[in-house]
Every structure is written in C-alpha cells, then in structure tokens.
Amino acid sequence: MLTAAVLATFAAPAFAEAPASPHTFTGNLTVASDYRFRGISQTFGKPAVQGGFDYAHSSGFYVGNWNSNVSGNQYPDGASLEMDFYGGYKFEPVAGLTADVGLLKYYYPGASIAGVRPDALELYVGASYKWFSAKYSHAVNDEYFGLTNADGSYYLDLNANVEIADKTTLGLHVGHQKFKNSGALDYTDYKIGVARDFGFATIGLAYVGSNADSALYTYSNASGSKSKDVSKDAVVLSLSKTF
C-alpha cells in the first residue's frame, strides 16, 4: 500500500482532451479537361481550373465560395470567370437522413449576353440518405443565366454514389433543367463516372451528356471561325484535392 501511494504521488497528471472545435474550414482545387455544369460545357470544351473554400459550424450552418474559368464565347464582355457564393443549413430530421436548404448566387463578373447579365440566384432544398441524394434548385429572380422573366425556372438533380472498391466510387447522375418562358431550351442531362482517391489527389473519369437541342446550344468564337455544340456528349477527366 505504501509503494502504491508513493507511485501515485509521482505519477504524471492526466490531462483532459480539448473539446473539438465547432468550426471546420476546408478548401478544394480541381483541374478538369472540361467544365460541365448540368451537362453543358462552360469552357467551350476546353480545360478548367477550379477551386473554393468552405466554412461549416457544428450547428449545421455553412457558407462557401467556388470559382472556375468559363469561356468568353459563352459569357462575352466579362472576365471569363464564374464565382459562386452560397450559404445554408444542414440537419437530420430523422436518423441517417440529411436535409439541406440554402441559397446560391452565380456571378459572372462583367459578362453580358445580348444585354442581359448571366448571373443567377437559386434557392435549393436537398436530401441525402446513404448513397442516394436529391436536390431541387429554384430560380428566385427574373434574370437567369442570360434569360429574362425566368423566375420559377428550376433544376432537379438525382445522384447515386456507390463505393465499388476500396477508395473507388461509382457515380450516377441524372438531372432536368426547366426554363420558364423558354421551353425550347429545356433538357435532361446525365453522367456516369468513376473516381478513385489516391491520397495525393482524387482522379475521376466521367461520361457526360444531355438531350439538349444542339442548334440552341451551339456557340461561335469571337471571329466566327469556329462553332461548337457545348451540349454534345463528352468524356471528362479530372484531378481534385480537398484540404
């Protein structure tokens, strides 16, 4: 008993672990062979460099910013840049089901399409359960990606991401874009891809396409010497890292 008492006297004091921070900051960087937004190339079929930052609070609130180069052929008179700003709230209404509601602003500095700014503002509601997720995005202002009187346009997004091997994910996607007062532009897009986390980065390969009307989604360069159907099916290779 005396020996135990002596050892206890000289034992190193125990320190309690510091409580986990309620704040989380992350960043992301991607290099891709093409920037496809809802199935449509935003870079005239050319490569893109993308990146952003996110802040999340343990309560469920979050804000973030994401950026990418875009084509001046599709977004003329601007900086050939897309900047997205968003914020929202995630919560679990029932165990295992995550709900998400927020607001997202698409901003194209200086760009103008036939005198109309291509900026857009969407309210979104989403949910995810295990490997499946769904999201509904609703336009809340009149100007919407270069269209006017388009409030009420929407995009419905369905995704499945299944781990098919260690650190390897199969991704399946289908979405539908509806434009109010511009029904000829409506389309459905789809994607199937595989991504593998190699540690230093995640490499992805995806087949992306849509049933959009080619004539309405064909753009020409400034000189008019080259035209491209930006809705045409394509294979996209990407290299991304989250830090």
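In this predicted model, 14 aromatic pairs are found. One of them is formed by F61 and Y89, whose rings lie 4.6 Å apart from centre to centre, with an angle of 35° between their planes, and the pair is therefore classed as tilted, a term kept for planes that are neither under 30 degrees nor over 60 degrees apart. The two partners come from distant parts of the chain, since F61 belongs to strand β5 (residues 61–69) and Y89 to strand β6 (residues 81–94), and 28 residues separate them. With regard to accessibility, F61 has a relative value of 49% and so counts as partly exposed, a class that lies between buried, under 20%, and exposed, over 50%. Y89, with a relative accessibility of 28%, is likewise assigned to the partly exposed class.

Aromatic residues also occur in a cluster, which is made up of F37, Y106, Y144, F145 and F179. Two of these residues, F145 and F179, appear again in the description of the second largest pocket, where they are listed with Y75, Y217 and Y219 as the residues closest to the pocket centre, out of 18 that form the lining. The space in this pocket amounts to about 430 Å³. When the lining is divided by class, 13 residues are nonpolar, 4 are polar and 1 is charged.

Aromatic rings are further found in contact with lysine side chains. K135 is placed over the face of Y124, at a distance of 4.3 Å from the centre of the ring, while K228 is placed over the face of F44, at 6.0 Å from the ring centre.

The pairing of strands can be followed through β11, β12 and β13. Strand β11 (residues 168–178) runs antiparallel to strand β12 (residues 187–197), and the two are joined by 10 bridges; within this pairing, T169 has A195 of β12 as its bridge partner. Strand β12 is in turn joined by 9 bridges to strand β13 (residues 202–210), again in an antiparallel arrangement, and here V194 stands opposite L205 of β13. Strand β12 thus has a partner in β11 and another in β13. The connection between β12 and β13 is a hairpin in which 4 residues lie between the strands, and G199, located in the turn, has a positive phi of about 90°. As a general point for reading such strands, side chains in a regular strand alternate between the two faces of the sheet.

Technical notes. Residues are numbered from 1 along each chain as its sequence is written. This is a predicted model: local features need pLDDT of at least 70, side-chain atom pairs count only at pLDDT 80 or more; totals for chains, interfaces and linings use all residues. Side-chain values use heavy atoms; hydrogens and water are left out. On a 1 Å grid over the protein atoms alone, a cavity is a set of points where a 1.4 Å probe fits but cannot get out, and a pocket is an open set with protein on both sides within 12 Å along at least five of seven lines; lining residues have an atom within 4 Å of a point. Grid points are joined across faces, edges and corners, and a volume is the space filled by probe spheres set on the points. Ala, Val, Leu, Ile, Met, Phe, Trp, Tyr, Cys and Pro count as nonpolar, Asp, Glu, Lys and Arg as charged, and the others, Gly among them, as polar. Rings of Phe, Tyr and Trp (its six-membered ring) pair if their centres lie within 6.5 Å; planes under 30 degrees apart count as stacked, over 60 as edge-to-face and the rest as tilted. Buried means under 20% relative accessible area, exposed over 50%, partly exposed in between (1.4 Å probe, protein chains only). A charge sits over a ring if NZ of Lys or CZ of Arg is within 6 Å of the ring centre and within 35 degrees of the ring normal. Two strands pair if DSSP finds at least two bridges between them.
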